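Here are a few exercises to work through with the model open on your screen. Try each task before you read its solution.

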Amino acid sequence: MMPEYIPNHRPQFGRLFAGILLVLIFSACTSSDNSQSTTGGTTGGTTGGTTGGQVDGPLGPLPNPPLTAAPSQDDEPIAEPASFNTSTDLQLVRNPVPRSEAPATNRYTDADFESGPLPADITIPDDVNPEFNSAPDFENIQNIEAVAGQQLEIVFKPIDADGELPGMFPVALAPGASFDDNFDGSKTYRWQPLQNDIGINAFAVTAVDSQNSLYRNTRTILIRVRLPDDETQIPNVPPTLDPIGPHTARVNDPVVYEFKGIDLNGTVPTLELLSSLPNASFSNHPLYEDIYTLRFIPTSTGEMNVQVLVRDSVDSNLTTTENVTINVLPIQAFERTGQRLRDLAAVRGIQFGYASLQEYYHRPDGGVYADIAADEFDLVTPENAMKMNEINPSAGQYQFADIDNLVAFARLNNMQVHGHPVIWHRQLPEWIETANAAELEGHMREYIHRLMNRYRDDIALWDVVNEPIGDSGGYRDSLWYNALGETYLETAFHQARTTAPNATLLLNDFDIAINGPKATTLFTMLNNLLERGVPIDGVGFQLHVFSDFNQIDEVRANFQKVADLDLDIYITELDVGLRETDDLQAQANVYASLISVCLQQPRCKAIQTWGFTDQYSFRENVHPLMFDTAYQTKPAYQAIQNALGN
Ligand code: G3I
């Protein structure tokens, strides 16, 4: 079911009729790829409607029978009660079943454990010659046997044959673990595995060359945790709340928290709301028993404290009280002078967009987030919701709710959706990573068809292949490239064109706007694809840069080289990290310069930033966006207004 908004003007009968018609059509369809596809379930109708079946393009028919089950009515999202989200003008949907993906910790087997630590993963920068500078490593690295409940202490001592002392850092720490400095060059990993950790766990630590910090060696050990003979020996640790940081909200907006209880003993705690809050509801999530949703509407401004009690499900006397804070600002605090970015851009004939936070409507500031987005942008990319491990977490299971909601939000606010990514080497689900290589082309084509077919009437712009170019140039070493070779690109684009013949199909990558090995490969790749008649319409330049970026002329020249190939240009993921915390004007200048380059290039069709508030950025530590964490404009915002307006 596609979410539907309840506009004042649309006659309900029309929608009802469309809904009945769709039910008749849908029920005639089987759930195979060659059936007529529909988007939206029995009442959706507002998106996609029915579309032609798979018309055989140059690739021939899709696998028949399908390699995995096509989306079916069982995958159709269902209405989410308003008490679970911040939306006030859309009936949102949620996935019908919990996301089920094999947990990564099951990726290692006893055989892996017996064969010892994983091979060294060494990163060698171009300016390092390993013959004269040996890679850092670790002394006596080995796999470890452990018993749940017993404190583990593993000492890591980095070494370097050149005699220096490398640095080191853990790639990730298990919950409650620490990596403590012994002040003798070594560090100790302290961890008390519990019931949750039974099985084989990986722990990775990276040694950093003392001469070149990009010269690194990551070693991964496996820690096999078993239950003790007497399970009562395992301490029952107090349950906690998955931490949620401070947020800013706007008065009279719904505030939503999804509190997640955590119990490292492997049980599910219960949560109780201790605070008295205005217009509040507090509900256990119907799909995830460890999640409780709080929704309330603050009617006054100021700092609010929300207190939640987490109760152990084995020992009811074992509890933890947690606090989260939210700063509620008056409506005026979010008012902005000048014209909205989308309106300024439209006058210049381009779109101005952003990447949308996944499930922003389940966040405390979802209300103001959505309002600013709708005001400022007319193009939206899902930052993460369309990644394959989110859309298709297990073979034959699909989770469309987040994209359905984004499509509905975009339609309500006269925005376009930018599909991202279709094929990428990251965020792949386990079932694809472990699939039979001989079937990967079929899986790839089925996935492309099923995703793009569902949204073929809602999404007209797609990153068909994301980041196919290796960091040092050449084809990126990826699951797709390793299984299918260079042709995976043309297969992907041909399938995309066959499924969505009217869509704009992009190749999207980073570090291709400046001169270097990636840009060189880009143009070789594009010429190769175009010569072979591969249906590609444009290039997405991500442009994740810093405030000292000064290669504007190279960007201008590379844009022109793409235009000379009769291809369109999109700035797809622009963000400008601060080199220094006070570099705000330098940051603003870089935004303005890059926007001007796009405006001066007729084939540049759109500019999108990768998010819009520093509250939610994958580069949060360098504050790269035009709104700060309290949704207040930064100099970059005014600079963008001026660049678009001039
Ligand atoms: O959703 C899970 C959550 O359930 C879990 O608790 C948490 C901790 O493990 O991880 C969450 O998933 C994270 C996801 O972002 C959503 O927050 C992934 O671990 C994390 O790897 C993922 O990072 C995203 C990254 O792509 C990889 O997909 C970044 O947010 C996103 O900004 C970034 O975006 C990419 C573009 O798609 C392509 N261009 C480069 C750009 C930056 O890397």
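**Exercise 1.** Find how many residue pairs are in polar contact across the interface of domain 2 and domain 3, then work out which strands supply the domain 2 side.

*Solution.* Step one: in this predicted model, the rule finds 2 residue pairs in polar contact across that interface, both at pLDDT 80 or more. Step two: on the domain 2 side, β17 (255-262) and β22 (319-329) each bring at least two residues that touch domain 3. Step three: β17 gives the most, with 4 residues. Step four: sort that side by class, and you get 6 nonpolar residues, 2 charged ones and no polar ones. Step five: look for salt bridges between the two domains, and the rule finds 0.

**Exercise 2.** Where do domain 2 and domain 3 run in the chain, and how much area is buried between them?

*Solution.* Start with the bounds: the domain assignment puts domain 2 at 252-329 and domain 3 at 333-645. Their contact takes 8 residues from domain 2 and 11 residues from domain 3. Next, the distance: the C-alpha centres of these two domains lie 34 Å apart. Now the area: about 670 Å² is buried between them, and carbon and sulfur atoms give 57% of that. On the domain 2 side, Val256, Glu258 and Leu329 lose the most area to domain 3, together 62% of what that side buries.

**Exercise 3.** Is glutamate 80 buried or exposed, and which side chains does its own side chain meet in polar contacts?

*Solution.* First, place it: glutamate 80 sits in the loop between β3 (78-79) and β4 (93-94). Its relative accessible area is 2%, and buried means under 20%, so glutamate 80 counts as buried. Then check the side chain of glutamate 80: it makes a polar contact with the side chain of arginine 94 at 3.3 Å, and another with the side chain of histidine 362 at 2.9 Å. Leaving aside neighbours within four places in sequence, the contacts of glutamate 80 also include Asn85 and Gln91.

**Exercise 4.** Which peptide bond leading into proline 65 or proline 421 is cis, and what is omega in each case?

*Solution.* Keep in mind that most peptide bonds are trans. Take proline 65, in the loop between β2 (49-51) and β3: the bond from asparagine 64 is cis, with omega near 5 degrees. Now go to proline 421, in the loop between β25 (416-419) and α7 (430-433). A cis bond joins histidine 420 to proline 421, with omega about -20 degrees.

Conventions. Residues numbered from 1 in each chain as written. Predicted model: local features only at pLDDT ≥ 70, side-chain atom pairs only at ≥ 80, totals over all residues. Heavy atoms only, no water. Buried < 20%, exposed > 50% of the residue type's maximum accessible area, 1.4 Å probe, protein only. Polar contact = N/O pair within 3.5 Å; in protein donor to acceptor, adjacent residues only side chain to side chain. Contact = heavy atoms within 4.5 Å. Domains from an automatic or database assignment. Buried area = accessible area lost by both parts, 1.4 Å probe. Salt bridge = Lys/Arg side-chain N within 4 Å of Asp/Glu carboxyl O. Nonpolar A, V, L, I, M, F, W, Y, C, P; charged D, E, K, R; others polar.
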